[in-house]
Amino acid sequence: ETSQYVKQTTQISQSKGVSVALKHFPGYGTIPDSYLPVVTDDREASTFESRDFLPFKSGIDNGAHFVMMSNVLNTKLDPNCIASLSDYTHTILRNELKFTGLIITDNLNNADYSEYANGKDVYVQAVLAGNDMIMVDDIDSAYNAILNAVNDGTIKKETVQKACMRVLAYKYTAKIMK
């Protein structure tokens with residue numbers, strides 16, 4: 001039922017010029033909201049595949065422009081990183097679900113996520129994980145951390161260029177720019 005609803009909502013919304021953001025990947029199930037403190041989801045990977053991924057796949061197949069990642073620690077998918085910072089979870093979204101649109105984090109300033117950043121700055125890890133856009137309250141710190149990581153080679157320029165191309169492609173598709 002949810003997948004059918006997502007299909008219809010995505011088709012109708014985007015036909016009217018309203019972009020759709022599917023959230024929060026890889027799914028919440030019945031866990032509480034992912035804000036303070038960090039929430040852990042111990043469900044099996046097969047549960048995500050057979051249930052949670054289905055509405056996302058429906059939205060993706062029907063042209064959703066965005067997927068927002070969750071800040072939940074999904075221990076059976078990646079026991080070391082919250083979804084927003086997990087390159088493995090992003091790989092599932094890109095390779096298994098074939099999502100080619102924009103991936104955005106949930107707010108990275110909702111809690112201290114540094115222990116899930118693989119020893120890197122949280123903002124840097126968000127880019128390395130595969131996010132095209134990051135949601136933050138502290139824009140200056142995020143900008144400077146990412147710029148420094150590009151300048152020192154931690155983040156490849158090609159990574160930023162690919163994200164930029166996806167943002168520009170979205171803007172063109174959504175008729176935000178010509």
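A polar contact, as used in this tour, is a pair of N or O atoms within 3.5 Å; within protein, one must be able to donate a hydrogen and the other to accept it, and residues adjacent in sequence count only if both atoms are side-chain atoms. The model is predicted: local features need pLDDT of at least 70, side-chain atom pairs count only at pLDDT 80 or more, and totals for chains, interfaces and linings use all residues. Residues are numbered from 1 along each chain as its sequence is written, and side-chain values use heavy atoms, with hydrogens and water left out.

**Whole chain**

Begin with the complete protein in cartoon view, where six helices and six strands appear (DSSP runs numbered from the N terminus: H or I of at least four residues for helices, E of at least two for strands). From the N terminus on, the order of elements is α-β-β-α-β-β-α-β-α-β-α-α. The radius of gyration, taken over C-alpha atoms, is 16 Å, close to the 16 Å given by the globule rule (2.2 Å times the number of residues to the power 0.38) for 178 residues, so the protein is as compact as a globular protein of that length. Along the principal axes, the C-alpha atoms fill a box of roughly 45 × 45 × 25 Å. Of the 178 residues, 46% count as buried (under 20% relative accessible area, with a 1.4 Å probe and protein chains only; over 50% is exposed, and in between is partly exposed).

**The sheet**

Select β1, β3, β5 and β6 next: in that order they form an open sheet of four strands with parallel pairing (two strands pair if DSSP finds at least two bridges between them). The edge strands are β1 (21–25) and β6, each of which pairs on one side only. From one strand to the next, the twist averages 25°. β5 and β6 pair in the parallel sense over two bridges, and I104 stands opposite M133 in β6. Now add helix α2 (residues 45–61), which packs on the sheet and touches β1 and β3 (66–69) (contact means heavy atoms within 4.5 Å). The direction of α2 makes about 155° with that of β1 (axes are lines fitted to C-alpha atoms, for helices over the stretch in contact, and angles run from 0 to 180 degrees between N-to-C directions).

**G59**

Within helix α2, select G59. G59 is buried, with a relative accessible area of 0%. Leaving aside neighbours within four places in sequence, G59 is in contact with V6, T10, L22 and A64. A distance label between the C-alpha atoms of G59 and T9, 50 residues apart along the chain, should read 8.5 Å.

**Helix α4**

Move to helix α4 (residues 122–129), where seven of the eight residues are buried. The buried residues are V122, Y123, V124, Q125, A126, V127 and A129. They pack against α3 (87–96), β5 (102–107), β6 (133–135), α5 (139–151) and α6 (157–173). At the start of α4, a side-chain oxygen of D121 comes to within 2.8 Å of the backbone nitrogen of Y123. After the helix comes G130, with a positive phi near 125°.

**R94**

Finish at R94, found in helix α3. R94 is buried, with a relative accessible area of 19%. Its side chain reaches the backbone oxygen of G101 at 2.8 Å. Leaving aside neighbours within four places in sequence, the residues in contact with R94 are F99, T100, G101, I103, G130, D132 and R166.
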